[in-house]
Amino acid sequence: MRGTSMEDSYVLELLEPKFKDFHLVYCGYAQCEARHSYGPATRPNYIIHYILEGKGVYQVGGRKYQLSAGQGFLIEPETLTFYQADKDEPWSYLWVGVGGTEAEKYIQDIGLNSSQLIFQYEQGERLKKIVLEMLKHTRVTVANLYYLQGQLYDFFSALTEDDVIDSCVDISKESVYIQEAVTFIRNHYSRGLNVADIAKHMNVNRSYLYTLFKDNLGMSPKDFLTKFQISKAREQLALTDLSIEEVAEVCGYHSCLVFSKAFKKENGMTPTEYRKRKRLETKRTAPASPEELKGIGRKVRLGPEEK
């Protein structure tokens with residue numbers, strides 16, 4: 001079963017991408033009716049969905065996520081998935097599908113992987129604006145292909161923003177080592193990293209790594225790693241029904257007790273208390289208006305045959 005019920009959707013598909021390492025495959029926007037579903041099915045590319053309004057369920061194997069506005073999910077290539085709009089508050093969402101030889105690396109750069117399939121992002125209007133602009137560029141010209149590629153990078157730029165990193169000093173002009181270390185932490189934090197792992201990856205000793213972090217970020221590598229892991233734990237607690245033990249494991253903690261102590265120290269409350277508080281908060285982004293959708297085709301394919 002592929003899809004049931006109805007959705008009001010707008011789709012742009014690139015049949016022959018210009019860029020081989022990383023490129024847009026398709027993007028779209030949909031307002032779903034109650035219980036509209038897709039799957040169980042597999043897709044050949046990475047797809048990022050972001051929920052603008054309403055609620056729904058996303059299921060991957062034995063994992064089931066109840067998601068709502070302000071949250072999103074990743075579909076990995078050739079992975080059997082199912083997702084369905086809520087019966088009372090069906091969701092409106094946008095999506096971006098990507099491919100290319102470096103697509104997996106770019107996906108990891110925004111903190112998503114097989115262990116971290118869901119995310120939270122509070123600037124939904126920014127993502128909506130990007131995707132709607134993509135949907136309006138339907139002429140097959142070199143200029144449009146470059147424009148779409150630029151919008152794709154802007155979409156990923158938005159999702160790579162991270163409270164932990166952004167709260168530190170601007171590292172864009174700092175040491176290449178710091179950039180590499182932060183990327184390594186972002187991509188592998190769920191594996192239970194320690195400072196020795198980071199130093200080994202960087203091929204530097206722990207003392208030098210400590211100095212780099214203190215001088216550039218104002219904290220030790222251990223403190224930065226902890227802050228990053230706890231930030232991802234907050235996402236898991238807000239977006240999933242995983243047990244505290246499972247959240248700890250997903251975020252790289254082998255001990256639930258150690259995780260709970262670290263979480264409370266960072267947030268001033270236990271993981272359970274944090275989850276209860278966040279469940280009372282709902283972030284919403286208005287679905288696209290008729291004016292915003294003006295001039296956008298229902299399903300447009302960009303390819304050589306249209307030249």
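Helix α8 spans residues 221-239 and contains both K232 and E235, which sit three residues apart, about one turn of the helix. In this predicted model, the side chains of K232 and E235 form a salt bridge, with N and O 3.9 Å apart. That distance qualifies because the criterion places the nitrogen within 4 Å of the carboxyl oxygen. Both partners are buried: K232 has a relative accessibility of 4%, and E235 has a relative accessible area of 15%.

A search of the whole structure finds seven salt bridges, among them the pair in helix α8 and two further pairs, described below, in helices α1 and α2.

In helix α2, which covers residues 124-136, K128 and E125 are three residues apart, a separation of about one helical turn. Their side chains meet in a salt bridge at 3.4 Å, N to O. Here the two ends differ in their surroundings: K128 is buried, at 3% relative accessible area, whereas E125 is partly exposed, at 42%.

Helix α1, residues 103-109, holds D109 and K105, four residues apart and again separated by about one helical turn. The closest N and O atoms of this salt bridge lie 3.6 Å apart. In this pair the acidic residue is the buried partner: D109 has 19% relative accessibility, and it counts as buried because the cut-off is under 20%. K105, by contrast, is partly exposed, with a relative accessible area of 43%.

Conventions
Residues are numbered from 1 along each chain as its sequence is written. This is a predicted model: local features need pLDDT of at least 70, side-chain atom pairs count only at pLDDT 80 or more; totals for chains, interfaces and linings use all residues. Side-chain values use heavy atoms; hydrogens and water are left out. Helices (H or I, at least four residues) and strands (E, at least two) are DSSP runs, numbered from the N terminus. Buried means under 20% relative accessible area, exposed over 50%, partly exposed in between (1.4 Å probe, protein chains only).
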